[in-house]
Each structure stands twice: as structure tokens, then as C-alpha cells.
Amino acid sequence: MTLPRIVVLTGAGISAESGLQTFREPTGAGPALWAGHSVEDVATASGYRRNPGLAHDFYRARRAEVAAAEPNAAHHALGLLATEYGDKLLLVTQNVDDLHERGGVAGPQLIHMHGQLATAICTLCREPVTAGECGAGCPICFAGTLRPDVVFFGETPKEMPRINRALAAADLFIAIGTSGDVYPAAGFVDKAIASRARTIELNLHASDRFTQFRGGPATVTVPALVAELLS
Ligand code: BJW
């Protein structure tokens with residue numbers, strides 16, 4: 001049997017049941033992530049330049065929350081799917097946590113398009129540095145400063161050419177726990193439809209932009225869909 005080529009896009013909703021807050025709506029995990037923080041201050045390139053210390057504190061606190069969180073049934077189900085599908089599966093996450101890695105998806109099957117908390121990046125040479133302390137000098141070029149390795153508004157998301165190639169070749173596109181408010185990720189469903197892929201949205205609320213919607217918490221809907229794909 002030939003396996004379909006699958007692109008999965010995940011957003012903050014997949015990690016909500018691991019206790020991590022989403023960005024735009026309060027969940028059982030607590031108030032929305034930016035409550036109390038101005039988006040312009042912590043998530044835009046100009047805001048970062050204006051007040052890097054605020055962003056460093058914000059991302060240091062997020063790193064501590066992620067370290068205390070565990071992958072949930074949805075992350076583990078995608079780990080199983082990745083094992084079975086090999087290079088037929090590309091998982092693109094907008095999340096900066098490492099719960100997909102800890103759920104069993106890593107290496108070339110996983111793209112963190114909005115960066116990750118685990119690394120810092122040099123403002124000058126752009127080299128990622130593991131566990132670098134944000135605000136410190138770059139240990140590679142000795143000229144730049146380390147900043148959070150995340151993609152702020154107005155910056156280019158990571159690995160877009162590879163994501164676009166995968167979308168153009170996809171037979172199935174699945175979006176899990178993302179509001180569809182932030183581009184270019186919000187436009188992936190249209191690219192997949194243009195490539196004649198089947199599109200499935202897993203979320204608490206339907207956006208009506210996909211050919212199929214499955215409502216409910218990710219820890220229920222994702223294992224069920226993965227079981228279907230593996231049967
Ligand atoms: C559950 C659940 C459960 C809850 N089970 N589900 C005007 C028009 C169009 C575009 C633009 C425009 N003006 C500017 C732009 C571009 C801009 C943009 O999109 N702005 C919008 C605000 C309009 N985009 C950019 O600037 C991007 N760069 C760019 O476009 O460069 C140009 C370029 C494009 C292509 C190629 C080359 C160049 C950069 C965007 C960077 C976003 N960065 C952030 C912060 C990252 C660091 C961090 O994490 O702190 O990324 S913002 C934030 O939003 C974060 C997220 O990854 C992203 C998406 O949020 P997500 O994941 O969808 O979370 P929520 O909270 O919105 O939704 C959660 C969902 O889960 C909800 O639907 C719930 O229902 C659901 N849910 N519990 C299942 N248990």
C-alpha cells in the first residue's frame with residue numbers, strides 16, 4: 001500500500017492539555033499567554049529592540065513552564081504516526097515548546113517554523129546556540145548578542161521553502177489546535193487545497209476553511225485520527 005504524503009500543522013492548542021497556555025483565548029491551562037503582556041513588547045522585532053529585558057524575562061518564564069510540562073496523548077499519537085510514516089510525514093509546528101520531540105517526532109520530520117525555546121540565536125551571525133543565556137555575548141562570533149530563537153511578527157518564519165515544497169506535494173493536510181490568525185501558517189490550508197490535498201481541521205471550534213472538521217480536545221481527536229490513518 002502506498003502511504004499518502006501528510007503535512008501536519010500544530011499550534012498552541014495541542015499543548016493546552018499539557019498545561020501550557022494558548023495565545024489568544026483563556027483555556028483550562030490559565031489566561032491567554034499574552035494577558036498582562038503587550039504583544040508589541042514581547043513578540044515584535046521592534047518591541048524586542050525597545051525592551052529586550054522584558055522579552056528575556058517572558059521567555060525565561062516560558063522555558064520554566066515548558067520544562068515542567070509533559071507531552072500529552074496528542075503529541076504521543078503524532079510520534080507513532082511519524083514512526084510509521086517516515087519521510088512521508090512532515091510535522092510543522094508553530095509552537096516553541098519541545099513537546100513534539102518528547103512525544104517522539106524529531107529530526108527532519110519536524111520543523112519549528114516560529115523557532116524554539118531550547119536555543120538562543122545571535123543577533124549578528126544568526127547561529128543558534130544551545131542553552132545560551134539571552135542578553136549575553138555570542139560565544140561563536142564574539143560580536144553579536146544572544147536573543148530568544150523565536151520568530152517575532154515582521155520576521156521570516158523558518159524553513160519556508162521546505163514547507164512550501166511539502167504542501168505542494170501533500171495528499172493530506174491536518175491542522176491541529178491553531179486559530180488561523182497568524183500568517184503564513186494560516187494560509188497553508190489554501191496552498192494544500194490548491195495542491196488537491198484533503199484537509200482536516202482538529203480544534204475546539206471550526207474555521208470552515210477545511211474540507212473536514214473534527215471538534216473536541218486534541219487528546220481525544222488526534223489519537224482517533226492517527227488510529228484511522230494507521231488502520
Ligand atoms: C485547542 C485546544 C485543545 C485550544 N484541543 N484545540 C495582514 C494580513 C495578513 C498577514 C499580515 C498582516 N499584517 C502582518 C501580517 C503578517 C504577520 C501576521 O500574520 N499578522 C497577523 C496578526 C495578521 N505574520 C508575520 O509577521 C510572520 N512573518 C511573515 O509573515 O513574514 C513574511 C514571510 C512570509 C512567508 C515567507 C517569507 C516571509 C511571523 C509570525 C510570527 C508569529 N510569532 C508568534 C510568537 C512566537 C514566539 C512565541 O511563541 O512566543 O507565534 S505569535 C503567536 O501566534 C505564536 C504562535 O505560533 C502564533 C499562532 O498562534 P496559535 O498557535 O494558532 O495559537 P492561538 O492561541 O491563536 O490558537 C489556539 C487554538 O487552539 C485556538 O483555535 C483554540 O480553539 C485551540 N485549542 N485548546 C484542540 N485542547
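Here are some exercises, each with a worked solution, on a predicted model.

**Exercise 1. Work out in which order the strands of the six-stranded open sheet lie, and which strands sit at its edges.**

Let's start with the order. Reading across the sheet, the strands come as 3-2-1-7-8-9, and the pairing is parallel. Next, look for strands that pair on one side only: these are strand 3 (110–112) and strand 9 (212–215), the edge strands. Going from one strand to the next, the twist averages 15°.

Now zoom in on one pairing. Strand 7 (residues 172–176) and strand 8 (residues 198–203) run parallel and are joined by five bridges. Along the way, A175 stands opposite E201 in strand 8.

**Exercise 2. Find which strands helix 5 and helix 7 touch or lie across.**

Take helix 5 (residues 73–85) to begin with. It packs on the sheet and touches strand 1 (6–10), strand 2 (89–93) and strand 7. Its direction makes about 145° with that of strand 2.

Then turn to helix 7 (residues 160–169). This helix lies across strand 1, strand 2, strand 3 and strand 7, and it runs at about 130° to strand 2.

**Exercise 3. Describe the sheet of three strands and the helix that packs on it.**

Step one is the layout: this open sheet has the order 5-4-6, with antiparallel pairing. Step two, the edges: strand 5 (128–130) and strand 6 each pair on one side only. Step three, the twist, which averages 50° from one strand to the next.

For a closer look, pick strand 4 (residues 115–122) and strand 6. Four bridges join these two antiparallel strands, and A120 has P148 in strand 6 as its bridge partner. Finally, add the helix: helix 4 (residues 52–68) packs on this sheet by touching strand 4 and strand 6, and its direction makes about 55° with that of strand 6.

**Exercise 4. Count the disulfides, then check C125 and C141.**

The cut-off you need is 2.5 Å between two cysteine sulfur atoms. With that rule, the count is zero disulfides. For C125, the nearest cysteine sulfur belongs to C122 and is 3.7 Å away, and C125 is in no disulfide. The sulfur of C141 also has its closest cysteine sulfur in C122, at 3.7 Å, so it is too far for a bond.

How exposed are they? C125 has a relative accessible area of 29%, so it is partly exposed. C141 is at 28% relative accessibility, and therefore counts as partly exposed too.

**Exercise 5. Classify the aromatic pair of Y48 and F152, then that of F173 and F210.**

The model has four aromatic pairs by this count. Planes under 30 degrees apart count as stacked. The ring centres of Y48 and F152 are 5.5 Å apart with their planes at 25°, so this pair is stacked. Where do the partners sit? Y48 is in helix 3 (residues 45–50), while F152 is in the loop between strand 6 (146–150) and helix 7, 104 residues apart. Both Y48 and F152 are buried.

On to F173 and F210, which are also stacked, at 6.2 Å centre to centre with 10° between the planes. Here F173 lies in strand 7 and F210 in the loop between strand 8 and strand 9, 37 residues apart. F173 has 0% relative accessibility, so it counts as buried; F210, at 18%, counts as buried as well.

**Exercise 6. List what gathers around the ring of Y48.**

First, Y48 forms one aromatic cluster with F58, Y59 and F152. Second, the charged end of R147 sits over the Y48 ring, 5.5 Å from its centre.

Note on methods
Residues are numbered from 1 along each chain as its sequence is written. This is a predicted model: local features need pLDDT of at least 70, side-chain atom pairs count only at pLDDT 80 or more; totals for chains, interfaces and linings use all residues. Side-chain values use heavy atoms; hydrogens and water are left out. Two strands pair if DSSP finds at least two bridges between them. Axes are lines fitted to C-alpha atoms, for helices over the stretch in contact, and angles run from 0 to 180 degrees between N-to-C directions. Contact means heavy atoms within 4.5 Å. Buried means under 20% relative accessible area, exposed over 50%, partly exposed in between (1.4 Å probe, protein chains only). Rings of Phe, Tyr and Trp (its six-membered ring) pair if their centres lie within 6.5 Å; planes under 30 degrees apart count as stacked, over 60 as edge-to-face and the rest as tilted. A charge sits over a ring if NZ of Lys or CZ of Arg is within 6 Å of the ring centre and within 35 degrees of the ring normal.
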